[in-house]
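Thanks, everyone. I would like to use these few minutes to go through the empty spaces in one model and then through one pair of helices.

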Amino acid sequence: MKFLDQAKIFIRSGDGGNGAVGFRREKYVEFGGPDGGDGGKGGDVWAETVEGLNTLIDYRYQQHFKAAKGDSGAGSNRTGAAGKDVVLKLPVGTQILDEDRETVLLDLTEPGQRVLLMEGGRGGKGNAFFKSSTNQAPRHAQKGEPGVERWIWLRLKLIADAGLVGLPNAGKSTFLSAVSRAHPKIAAYPFTTLHPHLGVVDLAADARFVIADIPGLIEGAHEGAGIGDRFLGHIERCATLLHLVDGTQEDVAGAYRTVRGELEAYGAGLAEKPEIVALNKIDAISEDELPDKIAVLKEASGKDVLALSGASQANVREALFAVWEQIKAARQDELEETAEPEESWTP
């Protein structure tokens, strides 16, 4: 399945059906008069999050979604049928933006969320509705209200607890395949990863989280260099970042600073997120070089540095437990925020 995280679509709710003008004229029926029924309501447009989806590819091939019109009313006080609704099935984590691509209208972060985007037009009243003691034979009916239409953008931000960042070929995909059942493409050339991948990590019965691997960043990514920084949106929701640095390169401090610079240039709070720094590929580093590279990276980052290897899985579990501790702390903070009692208001 192809990965698509942005799509522009056109949505329109259905027009309401017209009311009917009708009169009852039956032989031997004592009471005749107006009996035109009301028009049916136009169809609504809904957005619904569905588990199991992680791409917007369905909206690559169909961009127009229009709800059905309501049927017109009929004689004998028959109301027209309501128009059929349109339901947009979306992955969890989808944002709905205005046409300017900046104004966020909705942020759908929970499975099974169902939100009304556009309400269909009301059906017009038939002439039976207008019958009164002073107007016993009205010969007019209402037209149905028109539906509404607009263009919107869909933008997917994957739901993950932790994100992998680093330069191309830092070993992020190898690490993801080692800790989960994800099977990202792995090769010995830059930009092997062309779109984000998710993996589920099972450390213990009560330690389970989702980790995201995004394409590597290079200097100038925020200006469009390489693949650019558009995929950084997929780690905006992460509780922590695991920053992998390729230990086989000469300037490990420079590699760290390059990625940090791109995170800061992107914004959206990524530079302020908790970060775990890890020197990767230690199986390919001599024992004499390893302590020096760890010390250089520690000085550049100002953090304790984990030494690991995704290929040989050396110290991988230790890194995962460090990530899990950050995720647990973030979840606890979220629970405390939601548990705070609301302030009471007294006039």
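**Cavity, pocket and a helix pair**

The largest cavity has a volume of about 30 Å³, where a cavity is a set of points on a 1 Å grid over the protein atoms alone at which a 1.4 Å probe fits but cannot get out, and where the volume is the space filled by probe spheres set on points joined across faces, edges and corners. Before going on, I should say that this is a predicted model, in which local features need pLDDT of at least 70 and side-chain atom pairs count only at pLDDT 80 or more, while totals for chains, interfaces and linings use all residues. Residues are numbered from 1 along each chain as its sequence is written, and side-chain values use heavy atoms, with hydrogens and water left out.

With a threshold of 30 Å³ or more, the count is one cavity. Its lining, meaning residues with an atom within 4 Å of a point, includes Leu167, Ala170, His243, Asp246 and Tyr256. Strand β14 (240-246) and helix α3 (252-266) each supply at least two of the lining residues, helices being DSSP runs of H or I with at least four residues and strands runs of E with at least two, numbered from the N terminus. The most comes from β14, with four residues.

What, then, does α3 pack against? The axes of α3 and α4 (residues 289-301) come within 8 Å and cross at roughly 30°, with axes fitted as lines to C-alpha atoms over the stretch in contact and angles running from 0 to 180 degrees between N-to-C directions. The two helices are therefore roughly parallel to each other, a label for angles under 35 degrees. On the α3 side, the contact (heavy atoms within 4.5 Å) is made by Val252, Ala253, Tyr256 and Arg257, and on the α4 side by Lys293, Val296, Leu297, Ala300 and Ser301.

Turning to the open space, the largest pocket holds about 870 Å³, a pocket being an open set of points with protein on both sides within 12 Å along at least five of seven lines. It is lined by 25 residues, of which Thr109, Ile159, Ala160, Asp161 and Arg237 are the closest to its centre. Two elements, β12 (197-204) and α5 (316-339), give two or more residues to that lining, and α5 gives the most, with six.

Definitions and conventions. Angles under 35 degrees count as roughly parallel, over 145 as roughly antiparallel, 65 to 115 as roughly perpendicular and the rest as oblique.
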